[in-house]
Amino acid sequence: MQDDLIGRAAHRAEITARAEAQMAEMGVDRAFIDRLVETFYGRIQDHPSLGPVFDTRLSGRWPEHLAKMKAFWTSVAFKNGAYGGKPVQAHQGVAGITEGLFAEWLALFSQTLVDIEATVEAHAWFMATAERIARSLVTALFYNPALDDPTQRI
């Protein structure tokens, strides 16, 4: 059993090392993630559609949210387990959240990556990842399987 645990730990370390090397090749480090999160969520707060939805949920708790989002993106980028939250549950029951806001979120995220001068590779990686996350959240929050039932179609 101990050999199995040692093997798993080595495998985990290898995954993290590969992710860190991949991110370094794209010009991504922890400072980049800090800048991305701080710039993006600063813009979220000023956004006419997204700002009120986020502020309703996060008013007075923005510093904690920024720390959580830095841990989230660090965990995703470097595969290091820095984030242990539950994104679907965190977004359930948010007043004013709609499916369409995710497209606005993605557009603002993309523009932020451009403005902070992410490399082409980093922009592509972060957008592909953000799009997967958005699809997952939209499915979890808004999908109704009954709408896929052909007997229910008019």
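For the charge count I am about to give, Lys and Arg count as positive and Asp and Glu as negative, with His and the chain ends left out. On that basis the chain carries 15 positive and 19 negative side chains, and the centres of the two sets lie 5 Å apart. Please keep in mind throughout that this is a predicted model.

Now the overall picture. The chain has 7 helices and 0 strands, so the pattern along the sequence is simply α-α-α-α-α-α-α. Taken along the principal axes, the C-alpha atoms fill a box of roughly 55 × 40 × 30 Å. There are 154 residues, and 33% of them count as buried. The exposed surface of the chain comes to about 9,300 Å², with carbon and sulfur atoms supplying 56% of that area. On contacts: if we take those between residues at least 6 apart in sequence, 77% join residues at least 24 apart.

Next, the salt bridges. How many salt bridges does the count come to? The count is 4, and I will go through some of them.

I start inside helix 1. Arg18 and Glu14 meet there through their side chains, at 2.7 Å from N to O. Both residues belong to helix 1, which covers residues 2–25, and they sit 4 residues apart, about one turn of the helix. As for accessibility, Arg18 is partly exposed at 48%, and Glu14 is partly exposed at 43%.

The next pair also begins in helix 1. The side chain of Glu20 forms a salt bridge with that of Arg30, at 3.9 Å from N to O. This pair links distant parts of the chain, with Glu20 in helix 1 and Arg30 in helix 2, residues 30–46, and the two are 10 residues apart. The cut-off for a salt bridge is 4 Å, so the pair at 3.9 Å is counted. Glu20 has a relative accessible area of 34% and is partly exposed; Arg30, at 41%, is partly exposed too.

Staying with helix 2, we come to Lys70 and Glu38. Their side chains meet in a salt bridge at 2.4 Å, N to O. Here, too, distant parts of the chain are linked: Lys70 is in helix 4, Glu38 is in helix 2, and 32 residues separate them. Is Lys70 buried or exposed? Lys70 is buried, because its relative accessible area is 19% and the limit for buried is under 20%. Its partner Glu38 is partly exposed, with 44%.

Finally, two serines. Ser75 is in helix 4, which runs over residues 62–78. Ser75 counts as buried because its relative accessible area is 14%. Which residues does Ser75 contact, leaving aside its neighbours within four places in sequence? Those are Asn80, Gly81, Ala82 and Tyr83.

The other serine is Ser110, placed in helix 6, residues 101–115. Ser110 is buried as well, with a relative accessible area of 18%. Once neighbours within four places in sequence are set aside, Ser110 is in contact with His123 and Met127.

To recap, helix 4 holds buried Ser75 and also Lys70, which is joined to Glu38 of helix 2. Helix 2 is also linked to helix 1 through Arg30 and Glu20.

Methods. Residues are numbered from 1 along each chain as its sequence is written. This is a predicted model: local features need pLDDT of at least 70, side-chain atom pairs count only at pLDDT 80 or more; totals for chains, interfaces and linings use all residues. Side-chain values use heavy atoms; hydrogens and water are left out. Buried means under 20% relative accessible area, exposed over 50%, partly exposed in between (1.4 Å probe, protein chains only). Contact means heavy atoms within 4.5 Å. Accessible areas come from the Shrake-Rupley method with a 1.4 Å probe; for residues, only the protein chains shown count as cover. The place of a charge is taken as NZ of Lys, CZ of Arg, CG of Asp or CD of Glu.
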